[in-house]
Every structure is written in structure tokens, then in C-alpha cells.
Amino acid sequence: MYGEFFTPDDEEVCDTIGEWPDSDENGTRILTFQDTSGQSLMLSYHALERSVRVRWMNDQGVELVDVFREGATRLAFTPGKSTKSISIEFHMGECAGVMDIQVAPQLAIQDRLLFQ
């Protein structure tokens, strides 16, 4: 069963979080964030494929987390005075969940994927 992946357009992303997404040859959107300690987080998403990848690297460039997931249904960016966050909702058959990513001031990821 196909469901649409609702994503903001590039201009809305830039207006919301101050970053313009890069794009690769396949149309995948890519955003990279760096926190005050030098760690970085790369978020890539493809609306037609309903896929999301999150890669978190430490200040030495060593990969700490690499999550790839399909079945994304909604991507939202939330600005704040001192924080920026991303919320990604998923629906995959009998499972549904949300991944919340804080990108400023420090990186943090919370992920929940549960049976419905």
C-alpha cells in the first residue's frame, strides 16, 4: 500500500531552520548539521521513495549512528529560539512511529516504532 510522504519544499525548509537542502542526482535532499562540540548529523530524504537516512558522526568523523528507514509519511522542521528540531513520522503496515531529532544546540535522537 502506497502512502504519500509529505515534505516541506526547499524554501520552507530554509525559512524554518535557516539551511537550504542540497540535492543529489536522484533527487534526494540532504541537510547537514553540526553542534557546538563538532559532532555532525546528516539527514537525507527522498519524497517519492518515502525513505529517510540519518547519520551521526563524532568530531573525529567516526560514524556513531546510521539509520535508514522506508515508509516515511511526514517530515516537519520546528524552529525555536535556542533549539531546532526535526520530526519524521512513519507508517509501515502494522508498525507506526516517529523519529524526533534535535539538531541545535546539541544533537539528540529519539526513535519509536511500534505495532499498531
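Begin by selecting M99, which stands opposite D111 in strand β9; keep in mind throughout that the model is a predicted one. Now widen the selection to the whole of strand β8, residues 95–104, which is mostly covered, with 7 of its 10 residues buried.

Add strand β9, residues 108–115, and you will see an antiparallel pairing with β8 that is made by 8 bridges, the two strands forming a hairpin with 3 residues between them. Within this pairing, show the side chains of R112 and D100, which form a salt bridge whose closest N and O atoms are 2.8 Å apart. Because R112 lies in β9 and D100 in β8, this pair ties together parts that are 12 residues apart in sequence. R112 is partly exposed, at a relative accessible area of 35%, and D100 is likewise partly exposed, at 26%.

Next, select strand β7, residues 84–92, which runs antiparallel to β8 and is joined to it by 9 bridges; here S85 has Q102 as its bridge partner in β8. The hairpin of β7 and β8 has 2 residues between the strands, and G93 in the turn has a positive phi of about 60°.

From β7, move to E89, whose side chain meets that of R74 in a salt bridge of 3.5 Å, N to O. Since R74 belongs to strand β6 (residues 72–79) and E89 to β7, the pair ties together parts 15 residues apart in sequence.

Finish at D66 and R53, a salt bridge with its closest N and O atoms 2.6 Å apart, which links strand β5 (residues 63–70) to strand β4 (residues 51–57). The count of salt bridges comes to 6.

Terms used
Residues numbered from 1 in each chain as written. Predicted model: local features only at pLDDT ≥ 70, side-chain atom pairs only at ≥ 80, totals over all residues. Heavy atoms only, no water. Buried < 20%, exposed > 50% of the residue type's maximum accessible area, 1.4 Å probe, protein only. Helix = DSSP H or I, 4+ residues; strand = E, 2+ residues; numbered from the N terminus. Pairing = 2+ DSSP bridges. Salt bridge = Lys/Arg side-chain N within 4 Å of Asp/Glu carboxyl O.
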